[in-house]
Each structure stands twice: as structure tokens, then as C-alpha cells.
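This briefing looks at how a ligand is held, at a pocket elsewhere in the list of pockets, and at charged side-chain pairs. Please keep the sequence and the structure in view while reading.

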Amino acid sequence: MRLTGALDTLLDRTIVPGYSRIGYVVRRTWWSDDVPDGALAGRTVAVTGANSGLGAATTLGLARLGASVRMLCRDTARGEQARADVLAACPGADVEVEECDLSDLKSVRAVAARLRDALPGLRGVVHNAGVLPPERTETAAGHELTVATHVLGPHLLTAELRPLLVADGDARVVFVSSGGMYTQPLRIDDPEYRRGDYNGTKAYARTKRMQVVLAGLWAQRLAGLGASVHAMHPGWADTPGITDSLPGFARVVGPILRSADEGADTAVWLVGAPAPGRTTGLFWQDRAPRPTSYLPFTVTSEADAERLWDYCAEATGLA
Ligand SMILES: NC(=O)c1ccc[n+]([C@@H]2O[C@H](COP(=O)([O-])OP(=O)(O)OC[C@H]3O[C@@H](n4cnc5c(N)ncnc54)[C@H](OP(=O)(O)O)[C@@H]3O)[C@@H](O)[C@H]2O)c1
């Protein structure tokens, strides 16, 4: 036990082995708590950005556990194509596509209302949708695109789905963040990246840091209400998100990238397994909690975290 713990930590701290396929394959040898097929029968999970990469793999993984999955996609044609792939791999699965653009607060409110009308409860929501725009882009409502997609949309969706999550009794909210967040502090002084030269990778990492802090805040707000909240990072997985947005990186680490299923494993496990429901507010990779900061300047104060909550509440009209 002590040896595997030390090896696990070594893989994490040395980054390349831990984030690549090597970490997945090695850690898999000591995982004992696979979720049995059918464990989520009768439960429904919403997955955002479900038509591609990790979102599609998460949908398939949850469907294989027997869950009904609502695939929240901004392009329903791409969503239906991904749904067909899931049904081919998991015949008879109950998966449906729901239109939702996470960067558009009206669209988020609308899909949540449809889900509230249709469902008695929700086992989970996986906040997976992600973007890495090369230039600073604003949504129609005037929010910078990465913060709208990674933070404001998920915040509003969680709030709007809260009654369904509480009704489940053992619900899981999962934020799919990124190891890139380790490089950035919470920039609550400039959440919409209005100052300085815009850098897409930095904007992405800043909002991935925000997701981890926001997960902790939601964990506090939902404590004792039958819903746990988790942030995780998938390591480096071979998806269109990596190959299209970071082609140089994908070329260099290509041979050791994880598959999308391997990258999605921890998100699926966080929704399906019993153990994560006994914790809340942690940051996970490969089924183990990880530190949220290594560099002193990236540690978030409680006061700044609360300022993030206030910013999200105001920007989403929940204040
Ligand atoms: N792959 C990795 O190694 C890696 C590493 C760290 C973190 N992540 C995180 O994992 C998540 C999934 O990424 P991926 O690698 O699977 O990338 P991907 O293949 O590009 O998938 C991203 C998904 O998000 C959707 N999306 C983007 N903006 C959206 C919006 N406004 N509304 C609804 N859906 C939207 C995309 O839809 P369209 O098809 O319509 O564009 C797509 O389905 C992201 O949050 C990413 O930050 C991935």
C-alpha cells in the first residue's frame, strides 16, 4: 500500500509519466474499485460537450454503467452523430441529445428547465465542455469565451439543476478541469481577461483554476444536501481538443497520449463509484485526490474564493 502510494505520488509530481498513458496503465494495476455494470441503472446524468473527445467517452462510460445520459451539445447534428456512435458501442443505451450552448446563459437556463420538466432527479452533471480560443472572444452577453464556457455556464447549470441533484440523494457534480490550472492563480481581479495581452492558453488555464475553486465553493453550498462536488483533470488524452488546439504539443507527446476512454475514466468513476460520494470538494486525477497547488503564488485565499462566488452570482444573474 505504502509503495503504491509513493509510486502514485511520484507519477503525479513528475508530470509526464503521470499525465500520460503511462500513469493510467500503472495506476490501473492497483485500482480495485471498478464500478460494476448496471450500477447506475435508473439514474440520469447530464454531460456537457458530449459530442466529442472526453465528453463522448464519458457518455459511453456512463451508459455502460446503465445510466441514462442527457448529452448537452451546442450542435445537435454533431450530438446525434456522437449518440449513434454510443448506441453502436452500447446497444439499447438510453442516451438523448439536448441542445445547449454553455457559453450562452439563456441556452443554459432553457436546457435546465427542460430537464426539470422531464426528470424526477439527476445522479450527476459532468461539466466537460471546453474551448481554447486563440484570440480574446466575447459572447453575445459580453463575457470572455473561456470564462463563459468553463465557469459561468457550469455555475448557472449547477444552480438551475440543484433541485434535481438534491432529489437524487447521492448526486455528483464533476468539473473537468486541467493540469494546466497548476500554472495559474485565481485572477479574481481580472476574471474576464480584460488586462494585458490575451493569451489563449493562459486564459484556458486561468478558467480551469476557477473551476477547481468553484467546485470547492459548490461543495460547501451543497454539503449535507445529498450532492457531492468534485473537480478532476484527465491527464493528456488524444482528443480533437488536444490535436486541434495544441497541435505542437500533440505531436510531441502523441505516442504516450491516453485514449479518450482513459482520460474520461476518473470522471465516470466519480459519478458511478460509491467512494467519491463520501467526500466532497476534492481535486482528482486517476481516481485519487491530488493537491490543488504546488506553487505558492497559486494558492487561493478564502476571501478570493468568495469573491469568485460573488462574481459568478452577479454575472449569471443569480445575485
Ligand atoms: N484532452 C485532454 O488531454 C484534456 C486535458 C485537460 C483537460 N481537458 C478538458 O476536457 C474537456 C473536454 O475536452 P476534449 O479534450 O474532449 O476536447 P474536444 O474534443 O474539443 O471536446 C470539447 C467539447 O466541448 C464542446 N463545447 C465547447 N464549447 C461549448 C459550448 N459553448 N457549449 C457546448 N459545448 C461546447 C465541444 O463542442 P463542439 O464539437 O460543438 O465544438 C466539444 O464537444 C475540456 O473541458 C478540456 O478542457 C482535456
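A salt bridge is taken here as a side-chain nitrogen of Lys or Arg that lies within 4 Å of a carboxyl oxygen of Asp or Glu. By that criterion, a search of the whole structure, which is a predicted model, finds 26 salt bridges. The points below take up one of these pairs, then the surroundings of the ligand, and finally the second largest pocket.

**Salt bridges**

- Side chains of opposite charge can pair when their charged atoms come close.
- One salt bridge joins the side chains of Arg 27 and Asp 8, with a distance of 2.5 Å from N to O.
- Because Arg 27 belongs to helix 3 and Asp 8 to helix 1 (residues 2-13), this pair ties together parts that are 19 residues apart in sequence.

**Ligand shell**

- The ligand is surrounded by 29 residues, of which Ser 52, Arg 78, Tyr 204, Ala 237 and Thr 239 come nearest.
- By residue class, the shell around the ligand consists of twelve nonpolar, 13 polar and four charged residues.
- Helix 4 (53-64), helix 8 (200-222) and helix 9 (240-245) each contribute at least two residues to this shell, and helix 9 gives the most, with three residues.

**Polar contacts and cover of the ligand**

- A nitrogen atom of the ligand lies 2.8 Å from an N or O atom in the side chain of Asp 101, while an oxygen atom of the ligand lies 2.9 Å from an N or O atom in the side chain of Lys 208.
- The backbone also takes part, since a polar backbone atom of Gly 235 is 3.4 Å from an oxygen atom of the ligand.
- On its own the ligand has 890 Å² of accessible area, and the protein covers 91% of that area.

**Second largest pocket**

- The second largest pocket has a volume of about 380 Å³, and among the 16 residues that line this pocket, Gly 61, Arg 64, Asp 265, Val 268 and Arg 287 are the closest to its centre.
- Two or more lining residues come from each of helix 3 (21-28), helix 4 and helix 11 (260-272), with helix 11 giving the most, namely five residues.
- The lining of the second largest pocket divides into eight nonpolar residues, one polar residue and seven charged residues.
- Helix 4 therefore appears in two settings, as a helix that supplies residues to the shell around the ligand and as one that supplies residues to the lining of the second largest pocket.

Note on methods
Residues are numbered from 1 along each chain as its sequence is written. This is a predicted model: local features need pLDDT of at least 70, side-chain atom pairs count only at pLDDT 80 or more; totals for chains, interfaces and linings use all residues. Side-chain values use heavy atoms; hydrogens and water are left out. A residue is near a molecule or strand if one of its heavy atoms lies within 4 Å of it. A polar contact is a pair of N or O atoms within 3.5 Å; within protein, one must be able to donate a hydrogen and the other to accept it, and residues adjacent in sequence count only if both atoms are side-chain atoms. Accessible areas come from the Shrake-Rupley method with a 1.4 Å probe; for residues, only the protein chains shown count as cover. Helices (H or I, at least four residues) and strands (E, at least two) are DSSP runs, numbered from the N terminus. Ala, Val, Leu, Ile, Met, Phe, Trp, Tyr, Cys and Pro count as nonpolar, Asp, Glu, Lys and Arg as charged, and the others, Gly among them, as polar. On a 1 Å grid over the protein atoms alone, a cavity is a set of points where a 1.4 Å probe fits but cannot get out, and a pocket is an open set with protein on both sides within 12 Å along at least five of seven lines; lining residues have an atom within 4 Å of a point. Grid points are joined across faces, edges and corners, and a volume is the space filled by probe spheres set on the points.
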